[in-house]
Amino acid sequence: MSTPQPVAAARDEGFGDDAPEPGTRLRGGRRSRGLHIYTWVVIGWLMLPIVVMIAFGFNNTTGKFNFAWQGFTLRWWEHPFAIQDLTGALVNSITIALIATALATIFGTLLGIALGRHRFRGKGLVDLVLFANIAAPEIVLGAALLSLFVTLGVNRGYVTIVIAHVMFDIAYVAVTVRARMAGVDPSIEEAARDLGAGPWATFRLVTIPVILPGIVAGALLAFALSIDDYIITQFNAGQTLTFPLWVYGATRFGVPPQVNVIGTMIFTVGVLLAVANGLVVQRRRTWKPLSPALDEGATE
Amino acid sequence: MIRRLRSALVPYALALPAGLWLAIFFVAPMIVMLSVALETGNLISGFTLTWHFATFWQAIDLYHVQFIRSFVYGLVTTVLTIVIGYPVAYWIAFRGGRRKSTYLLLILLPFFVSFVIRTVSWQFLLADNGILLGHLKAWHLVSQNFHVLATSFAVVLGLTYNFLPFMILPIYVGLERVDESLLDAAADLYSSKREAFLRVVLPLSVPGVFAGVLLTFVPAVSDYVNAQILGGTSTTMIGNIIETVYLENNQYPTAAALSFVLLAALLIGIFAYARALGTEDVFEAAAA
């Protein structure tokens, strides 16, 4: 998001909720308060299933179905990895996401640099393919890839899941890196060349560090998409199970509370990472920039 | 000379690994899927390419109910996400103040929970004797055989819930860009606040809504997780059919044909929508 943050902050500081100043974009106080409450109602609705997930990880359930509240217990938290198949599926999900993210980040970053920095024949075609890849419904991507594997007689499993995940991750990384690249002044790379750096040294010591936030953002997005993917994975998984596939299968015979416990763990780690990232970005904004060009990139 | 040639090759070298991967595992599979749709045979004796176009008509004929249902659900979901999400995006963009990023994080929180678990949580919430209905029934507020699961309402609710953040975010980004001096100008020219909203803010937010519609409508129409977990036999969507026909019945040609018809229908829908909206806005959205 290319929000001009300082301007936004300055703009908002002047007005309290009840400042119906004429000639501003701000609504009158009462209507705004109504919208404020409404926003919190929607946020509450968005939280509802999350609260349920967390709460039912503490439910002292006895039967197969974890639907009704039967008292508080910590026993699921004491043995969150007691169900071997579930734990195995979780390990698959994590390792697949790590491998797919690594590959997609390398490929996607190189493509993003090519698109952001160079003009070349076929660029329009690449753009079209990336757009189609992001816009196409997941079920079509999954079914198409399965058609390829079926036609070639490839057995589906761990490797085909990784292939599929790299396939849908690349475009997101490339688009993110390209956006970052667009905000970088090419003259800093030229300056490095003028000072005697070779192409490789320029790439390693100037280009990569400058676009690193874009690469990290792309990698995080790829990891998040990969670990949570259900539809494309199901089409190309064969007998291999990932965490979402296991949970989906479990809906037929009752989802055990360990799923809630593991879900809560993933949720907590994700939120902590997001908050930490937000704080780092905020701190970086207040730092004195090394050079105007670097600063322009960093505040993006 | 060699040096210049080398530098001309740099972008191709950079694009090569990703390009190859996408060509082999994204573009080629689309073509293979089309050819699979034109094959006949079965899993045991194998499939051969017979250019059997009739598969397409048979598939549409057999499953047109689920096709129509999927598009209706997708449409209702999209409208609901706009109606629910626009005011939220508006409030955060214009009134969020310094806590804008906190509000956005709250809107994005569901994405930190697995898609399948989110939907399963709604199953918990809506189950016949679950948290909500269980109590309502115990207090005799609803009849004992009242149920929400396995209805269209439950499926659309799940879809709306799961895709709402995809609508709020792009609308927010669009509204955030609205230059406030335009509103000053509108006020200087004696426009009322209502008029300023209708004639300045709303038109300027159209590209964001367009992006949100793309991000919501396409996955909602082709989803089958919500219909599977929250729905019943009367709420089957085309995604459920493709999944079953492909993975359980192993009728590859029919499943491939259905996938193509779905893709084509979505493309036609998007282009029709883009035409109706005016191409300028579409280009703006693409640029944004």
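## Burial and fold of chain A

A residue is called buried here if 20 or more other C-beta atoms lie within 10 Å of its own, with C-beta atoms placed from the backbone. By that count, 38% of the 300 residues of chain A are buried. Please keep in mind that this is a predicted model.

Chain A has 13 helices and zero strands. Its elements, taken from the N terminus on, run α-α-α-α-α-α-α-α-α-α-α-α-α. Among contacts in chain A with a separation of 6 or more, 77% are between residues 24 or more positions apart.

## Fold and dimensions of chain B

Turning to the partner, chain B contains 12 helices and two strands. Along the sequence, its pattern reads α-β-β-α-α-α-α-α-α-α-α-α-α-α. The radius of gyration of chain B is 24 Å, whereas the globule rule gives 19 Å for 288 residues; the value is well over the rule, so chain B is more spread out than a compact globule. The C-alpha trace of chain B spans about 85 × 75 × 35 Å along its principal axes.

Of the 288 residues in chain B, 47% are buried. If you look at contacts in chain B between residues at least 6 apart in sequence, 70% of them join residues at least 24 apart.

## Where the chains meet

The two chains share an interface in which 75 residues of chain A are in contact with 78 residues of chain B. On the chain A side, the helices that each supply at least two residues include H1 (5-13), H2 (29-56), H4 (84-117) and H5 (123-135). H6 (138-152), H7 (158-182), H11 and H12 (257-286) of chain A also each supply at least two. H2(A) gives the most, with 15 residues. By class, the side of chain A that touches chain B comprises 54 nonpolar, 15 polar and six charged residues.

## Helix H11 of chain A against helix H4 of chain B

Two packed helices are described by the angle between their axes and the distance between the axes. For helix H11 (residues 243-250) of chain A and helix H4 (residues 115-126) of chain B, the axes come within 9 Å and cross at roughly 25°. Angles under 35 degrees count as roughly parallel, and that makes H11(A) roughly parallel to H4(B). The crossing of H11(A) past H4(B) is left-handed. From H11(A), the contact draws on A:Pro244, A:Val247 and A:Tyr248, while H4(B) brings B:Phe115, B:Val116, B:Ile117 and B:Val120. In this contact of H11(A) with H4(B), seven residues are nonpolar, with no polar and no charged ones.

H11(A) is also a mostly covered helix, with seven of its eight residues buried. Those buried residues are A:Phe243, A:Pro244, A:Leu245, A:Trp246, A:Val247, A:Tyr248 and A:Ala250. A:Pro244, A:Val247 and A:Tyr248 are thus named both among the buried residues and in the contact with H4(B).

## Helix H6 of chain A against helix H11 of chain B

A second pairing across the interface joins H6(A) and H11(B), which pack at an angle of about 145° with their axes 10 Å apart. H6(A) passes H11(B) in a left-handed crossing. The residues that H6(A) offers to this contact are A:Ile139, A:Val140, A:Ala143, A:Ser147 and A:Val150. H11(B) answers with B:Tyr252, B:Ala255, B:Ala256, B:Ser259, B:Leu262 and B:Leu263. Sorted by class, the contact of H6(A) with H11(B) has nine nonpolar, two polar and no charged residues.

## Some single residues in chain B

Two residues of chain B are worth a look for their backbone angles. B:Trp51 is not a glycine, yet its phi is positive, at about 55°. B:Trp51 sits in the loop between strand S2 (46-49) and H2 of chain B, and it counts as exposed because it has 9 C-beta neighbours inside 10 Å. B:Asn250, another residue other than glycine, has a positive phi near 55°. The loop that holds B:Asn250 runs between helix H10 (238-248) and helix H11 (252-277) of chain B. With 14 C-beta neighbours inside 10 Å, B:Asn250 counts as partly exposed.

B:His64 belongs to helix H2 (residues 54-95) of chain B. B:His64 is exposed, since 12 other C-beta atoms lie within 10 Å. The C-alpha atom of B:His64 is separated by 8.7 Å from that of B:Ile238, although the two residues are 174 apart along the chain.

Methods:
Residues are numbered from 1 along each chain as its sequence is written. Chains are lettered from A and ligands numbered from 1 in the order in which they are written. This is a predicted model: local features need pLDDT of at least 70, side-chain atom pairs count only at pLDDT 80 or more; totals for chains, interfaces and linings use all residues. Axes are lines fitted to C-alpha atoms, for helices over the stretch in contact, and angles run from 0 to 180 degrees between N-to-C directions. Helices (H or I, at least four residues) and strands (E, at least two) are DSSP runs, numbered from the N terminus. Angles under 35 degrees count as roughly parallel, over 145 as roughly antiparallel, 65 to 115 as roughly perpendicular and the rest as oblique. A crossing is left-handed if the near helix is turned anticlockwise from the far one by less than a right angle, and right-handed if clockwise. Two residues are in contact if their C-beta atoms, placed from the backbone, lie within 7 Å. Ala, Val, Leu, Ile, Met, Phe, Trp, Tyr, Cys and Pro count as nonpolar, Asp, Glu, Lys and Arg as charged, and the others, Gly among them, as polar. The radius of gyration is taken over C-alpha atoms; the globule rule is 2.2 Å times the number of residues to the power 0.38.
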